[in-house]
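User: I'm new to reading protein structures and would like a close look at a single part. Could you take me through the sheet, strand by strand, and then show me what packs together elsewhere?

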Amino acid sequence: MRSLLLLLTNDDGVHADGLWALLERASSLEDIEVLAVAPDRERSASGHAISIHNPIEVREVPFKDPRFRIYGAGGTPADCVKLAIEGILDRPPDFVISGINRGPNLGTDVFYSGTVSAAMEGALLGVRSVAVSVAAFENVKYEAAAEFAISLAKMAVNETQWPQLVNVNVPSLPKERVAGVSVTALGVQTYKDAFKKRVDPKGRCWYWLGGLAQESDDPQDSDTYAIKHNVISVTPLLLDLTDRASLETLRSKPWLSSI
C-alpha cells in the first residue's frame, strides 16, 4: 500500500513552531511521507505573490525522520508550493497543508494571507489543500491544530466529494477544551488600518502599517463566530471569483457595445 504523501508549507518560515508541530504529529504516524517546502524567513501577509524576476534558492533542513524532506526556499509561500509540485516531487502530493499559522485567518484575512494563498496554489495545481491557523499570537498552542490537520488530510484523500480548498481556524486551547467543529462561511473580519508617520534623520517620511481588528456582529454560521466560541471553523473556499449573479446584468447593458 502506497504511503500518503503530504506537502507542508507555511508563511511563517521553515523554522516556525507551527510547521514543526505538524512535522512532529506526522512523524508519529505510519504510512506517511512528507515533503515540506517553506519560506526561509517569515512571509506573512504576502498574499499570492510569486517570484518571476529572481531565482529561488533552496536549502535542506535536517529532520530526524528519514521519510521526511524539509527545505527552506528563498521565495513566497505560493512559490514554495509551485516549486514543490512542479520542480521537486516526481509525483503530485496527495494533500497540501499550509500552516500552522500563528494568528487567525478569518473573513477578509483570506485575501492577504500567505498561508491561505499557499493552499490556494496547491488547489490551482489540482491538489486538495487546506490552510490551517491558530487564532492567537501569544502563548500559541499548536497541538490540537496539528492533530486536526493531519486527521483531516487522511480523511479527505479518501472522500470522493471534498472541496478543493478549505480554510481552517483552530482556537488556541488544549484539545479537551475545544468546543467542537463547525462548517462555516467567511465572517466579517475587518481592520482599522492605522499608519504611523515618522521622519528619519534626513527628513524623509516613512509609514508603518498596523491593523487593529474591529469588533462586529458575527453571523452564527461564520468562522469569526465559531472562533469566539472556542469552536474549530472549517470553511470551504472557491477558486472562481466570478460574480455569476451579475453576469447577465452586465451583459444586458447597452453601453458595453459603445465603448
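Analyst: Let's start with the overall layout. This is a predicted model, and its nine-stranded open sheet follows the order β3-β4-β2-β1-β5-β6-β7-β11-β8, with mixed pairing. The edges belong to β3 (58-60) and β8; each has a single partner strand, so one side of each has no neighbour in the sheet. If you step from strand to neighbouring strand, you'll find them turned by 20 degrees against each other on average, ignoring direction.

Begin at the β3 edge. Here β3 is joined to strand β4 (residues 68-73) by three bridges, and the two run antiparallel. To find the pairing on your screen, look for valine 58, which sits opposite alanine 73 in β4.

Now hop along to β6, which is worth a slower look. How many of the six residues of strand β6 are buried? Six of the six residues, 129-134, are buried, so the strand is largely enclosed by the rest of the structure. Look at where the side chains go: Ser129, Ala131 and Ser133 point one way, while Val130, Val132 and Val134 point the other way, and all are buried.

What about the neighbours of β6? On one side is strand β5 (residues 95-102), which runs parallel to β6 and is joined to it by five bridges. One place to spot this is arginine 102, standing opposite valine 134 in β6. To get from β5 to β6, the chain goes through helix α3 (residues 114-124), and this β-α-β crossover is right-handed.

On the other side, β6 pairs with strand β7 (residues 165-170), again in the parallel sense, over six bridges. Here alanine 131 stands opposite asparagine 167 in β7. The unit made by β6, helix α4 (residues 143-156) and β7 is a left-handed β-α-β unit, whereas the crossover from β5 through α3 to β6 is right-handed. Try tracing both of them on the model.

Keep going and you reach β11 (residues 232-237), a mostly covered strand with five of its six residues buried. The pairing between β7 and β11 is antiparallel, with five bridges; valine 168 has valine 234 as its bridge partner in β11. Strand β8 (residues 181-183), by contrast, pairs with β11 in the parallel sense over three bridges. Valine 234 turns up again here, opposite valine 183.

Now for the helices. Two packed helices are described by the angle between their axes and the distance between the axes. Helix α2 (residues 77-88) packs with α3 at an angle of about 25 degrees, and their axes are 7 Å apart. That angle makes α2 roughly parallel to α3, since angles under 35 degrees count that way. The crossing of α2 past α3 is right-handed.

The other pair is helix α1 (residues 17-27) and α4, whose axes come within 9 Å and cross at roughly 55 degrees. So α1 is oblique to α4. As α1 passes α4, the crossing is right-handed.

One last stop: the cysteines. A disulfide is a covalent bond between the sulfur atoms of two cysteines. How many does a search of the whole structure find? The search comes back with zero disulfides. You can still compare two cysteines for yourself: cysteine 80 is buried, with a relative accessible area of 1%, whereas cysteine 205 is partly exposed, at 46%.

Methods: Residues are numbered from 1 along each chain as its sequence is written. This is a predicted model: local features need pLDDT of at least 70, side-chain atom pairs count only at pLDDT 80 or more; totals for chains, interfaces and linings use all residues. Side-chain values use heavy atoms; hydrogens and water are left out. Buried means under 20% relative accessible area, exposed over 50%, partly exposed in between (1.4 Å probe, protein chains only). Helices (H or I, at least four residues) and strands (E, at least two) are DSSP runs, numbered from the N terminus. Two strands pair if DSSP finds at least two bridges between them. A crossover is right-handed if, with the strands pointing away from the viewer, the path from the first strand over the helix to the second runs clockwise. A disulfide is a pair of cysteine sulfur atoms within 2.5 Å. Axes are lines fitted to C-alpha atoms, for helices over the stretch in contact, and angles run from 0 to 180 degrees between N-to-C directions. Angles under 35 degrees count as roughly parallel, over 145 as roughly antiparallel, 65 to 115 as roughly perpendicular and the rest as oblique. A crossing is left-handed if the near helix is turned anticlockwise from the far one by less than a right angle, and right-handed if clockwise.
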